Amino acid sequence: MSNYHKINNITGWVVFAIATAVYVLTLEPTASFWDCGEFIACSYKLQVPHPPGAPLFLLIGRFFSLFAAGDVTKVAFWVNMVSALSSSFTILFLFWTITLLAKKVLNYQTSPDTGKLISIMGAGIVGSLAFTFTDSFWFSAVEAEVYAMSSFFTAFVFWAILKWEEQYDKVDSDKWLILIAYMMGLSIGVHLLNLVAVPALGYVYYFRKYPNITNKGLIYTFLISAFIIVFVLEGIIPGLPSLAGKFELFFVNSMSLPFGSGIIIFILLILSALIYGFIYSIKKEKYILNTALLSLVFILIGYISYGLILVRSNFNPPIDENDPENIISFVSYLKREQYGDRPLFTGPYFTAGYPIGIEKGTPLYRKDDASGKYLIYDHKMKYTYDPKHMGLFPRAHSTQQNHAEVYRQKMKLKPGKRPTKLQDLEYMFSYQIGHMYFRYFLWNFSGRESDQQDAIALNPWDHFKEVPDSLKSNKARNNYFWLPLILGLLGIVYHFNKNKRDASIVAMFFFFTGLAIILYLNQPPVEPRERDYTYTGSFMAFSIWIGFGVLFIAELLQKVISNEKLRPIIATILGLVVPGILAAQNWDDHDRAGRYHSVDSAKNLLNSCAKNAILFTGGDNDTFPLWYVQEVEGFRTDVRVCNLSLLNTDWYISQMKRKAYESAPLPISLEYKNYIQGNNDQAYVMEKPGLEKGINLQSYIKLLKADDPFIKEDRGEGQVLTIMPSKKLFMMVDKNEALKAVPEKYQANIVDSLKWDIEGQALEKQALIILDMIANNHWERPIYFSTTLSSSNYLNLKEYTQLEGLAQRLLPVKVPGNPQGWVDTEIMYSNMTKNFFWRGLDDPKVYYDENFLRFPMSTRTQFYKLASSLYNEGNKEKAKEATLYCLKVMPNEVIPYDFTIPPFISILLKTGEDKKALEIATIMGDRCIDDLEYFTKNKIAYNRDYEMCFYILDQIQRALKESGKTAEGEKYEKALMQYSSGFNG
């Protein structure tokens, strides 16, 4: 091994060790929000996550979970470690990528010297360490998500093509191409982002293989690269299983062979074709064909990890999303069909509204064991829109009602008007490219205002601006004074001046892992979370140029420093300022040590429920932590978590009808034929004569189960609608059953029947299944609704619910004067003060971002309901205790006081805690005045932040004045009047 290679390897591994230490020290100790809880649960027991799955990630996660050595509370840490090590290996290969490129620029091979060696190593160190500490990459490095491992594969294949280029003259150099194919095959089992690097790899191949560059060659290289992406993305990933599915349908349905026959025949044909291809390529000495076939085989070998999804789904694990246990459902799983499509080249604008035509498209099949065939149960629908509202390359495309209004605001478009192409492109440049890409780019290399959704990027002079304490104290307020950006831009100039071909390859890498993804995703105007993690590949490419910035500085220093060794050392030291400032600014808001509330909030929700409960939940952050604590830590497995979003799907309903751990099957009487996709997807309200007083729920469920014509509406052309013949529903209550479920103190309030109205014009399938459970439960299992659900999810039954913590229990009880339900203060007080977990919420060293803060805020709301109910019951002492306990476990220093806090001021004043009440009023009131002064001074447009401040000031002044604190209240009343004047509403 040459001296260069020894130093290059050792330095690379040192950088790797630094990155590993950083990520391990800041690693999340348990399951974070979003998909992390799901991935950890699915890794631990090899279950089936949401489409399109990540089987290789799950297998590696399962292996790492074994290091927990039986301690289930450590499983999440070890699965998170997969991301930490994937990220540090990304840094290792990024370092080696930079040194490979720098070595070419400095012609080290032909004229090696120590000064050049130091420059090369310095460039690698600065560029790779800068990327180590970037905002978006560091975020993904410390949690169990697929993006860190996807970045590793991207870094590896880019490094590998440069190694092929370096060793091109060797006989066995094409082994690197085979390795790249294998790694790309493996990456399919993690995430598809790796594929967008293919064009950059293609141009490395072209520039090395063909010294004479032509325009035709450049175009052909691009087209071949695009073909490879499409071939893998469409031809292999869903294409081969789709073709296998067609074979299966033919041989099973047409030839009456057993299930699986078509797949076996298809596999034999594929193997035969590959063997023949290899024999032919060897006999005819077709080297390129042979290499292409080898590459294809290794892609397929990598792709085999998807066999895990099919195998595990057939065992019906508790988490089995989409139930892809046969080739037909597996294809749908791979194609992510449940998420729908976004138009790319042509399609409707958001003004298109509802389709003007619907046609049946491709039939959908399901496996029918009774007949031994695959039966058609529905069709994909083809939608036709008004041609006036169609266009080429539509960007403002989403027809969701809430999206349409946002589009109009952004485009300043009047109702009924279609956007012009210019307005459409302006939206693309300003929002999709500007807000959803370059804002993220600047977050990583310029600075970030805060951790709030839609936070802007910071400039150097923002550091000197007067900002309110709420912004100043935000740990995610990071300003790098443009240093990473400037060094990267200098690196770009240097690279293009020295080696245009390599610089253009890096530029292509930058484009296809960033802006090209933006164009492909065609994002709607509203996202539930920030999407910066998607574009870390392009931030990696820019970090290569940050490394080259060191070479720029070293060359610049030639004019003042003649010593060939000293010059690159000084350049490296100056360059290290960039990773230094990134580390210093980003550490506090990327350090997740001591953060447990994502898991604790799930445990608190489960502990709000009585034994053997059914718990209805909503989005990802509600459900995935629950899956984690039940599947991994085995916590409260008697409670059956029922996600309402998934309850619209037939496969999930079937799973709810199976036993899971300590939970018996849910009381769903409807059979598979009643809820299969395409049947009873909605029940439309169409009132019938004679049912003005309503319809009995149990009777309606029986009609639904019998597919009775009474609740069907034939619209012709084969379209039959399920209807709800009355807007009013009622359910008779069996007193004997009710007495067993209702606490003694509420038994006098048991009703003869539950009566409620249907809101809206239709009930979705999830609502029908909830009603089925309510009708057939006979009050045997406690039914709960999570407090985070929207009011519509309660189906207008809220007045029959009892709050017991973070969930409301449905009971055949009606407490007068409580249309939103009532509080069982005894149960709730016990749950929240004795059975809840609060780890780290009182530790100022622990960082909580916006997503985490939402859950303590919600919990504070429930604490207030408890305290106010206790006070209204005359139990002032317990009301005070509940309030003080809330403020103790979630203090302002860690969980800043928010809009849920002002109501507590009144409780504190009424229970003799004047000092604490005034302290809270001062903290919150002064903070709002500070914020409003900043908004008005900087002429910030009226927004929700203004409204929140006005609400808080109003609550404070009312509470103080009602308690006789007139002077204190007037201070905030005057502030409210001063800042709200000039604003309507």
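How many ångströms should the 13 residues of helix 20 span at 1.5 Å a residue? The answer is 18 Å, and the end C-alpha atoms of this helix, residues 500-512, are 18 Å apart, which agrees. The expected span here is 1.5 Å times one less than the number of residues. Helices are DSSP runs of H or I with at least four residues, strands are runs of E with at least two, and both are numbered from the N terminus.

Before I go on, this is a predicted model, where local features need pLDDT of at least 70 and side-chain atom pairs count only at pLDDT 80 or more, while totals for chains, interfaces and linings use all residues. Residues are numbered from 1 along each chain as its sequence is written, and side-chain values use heavy atoms, with hydrogens and water left out.

Back to helix 20. Its buried residues are Asp-502, Ala-503, Ile-505, Val-506, Phe-509, Phe-510 and Phe-512. Buried means under 20% relative accessible area, exposed means over 50%, and partly exposed is in between, with a 1.4 Å probe and protein chains only.

Next, Leu-293, in helix 13, residues 287-303. Leu-293 counts as buried because its relative accessibility is 14%. Setting aside residues up to four places away in sequence, Leu-293 touches Leu-274, Gly-277 and Phe-278; contact means heavy atoms within 4.5 Å.

Arg-636 sits in the loop between helix 26 (620-631) and strand 8 (640-643). Its side chain reaches the backbone oxygen of Cys-609 at 3.2 Å. Beyond four places in sequence, the contacts of Arg-636 include Leu-606, Asn-607 and Gln-630.

Now the cavities. A cavity is a set of points, on a 1 Å grid over the protein atoms alone, where a 1.4 Å probe fits but cannot get out; lining residues have an atom within 4 Å of a point. Grid points are joined across faces, edges and corners, and a volume is the space filled by probe spheres set on the points.

There are five cavities of 30 Å³ or more. The largest has a volume of about 360 Å³. It is lined by 25 residues, and the closest to its centre are Phe-139, Arg-448, Asp-451, Asp-849 and Asn-851.

The second largest cavity holds about 200 Å³. Of its 19 lining residues, those nearest the centre are Pro-318, Gln-630, Glu-631, Arg-640 and Val-641. Helix 26, strand 8 and helix 27 (650-656) each give two or more residues to this lining, and helix 27 gives the most, with four.

Note on methods
Polar contact = N/O pair within 3.5 Å; in protein donor to acceptor, adjacent residues only side chain to side chain. 1 Å grid on protein atoms, 1.4 Å probe; cavity = no way out; pocket = protein on both sides within 12 Å on 5 of 7 lines; lining within 4 Å.
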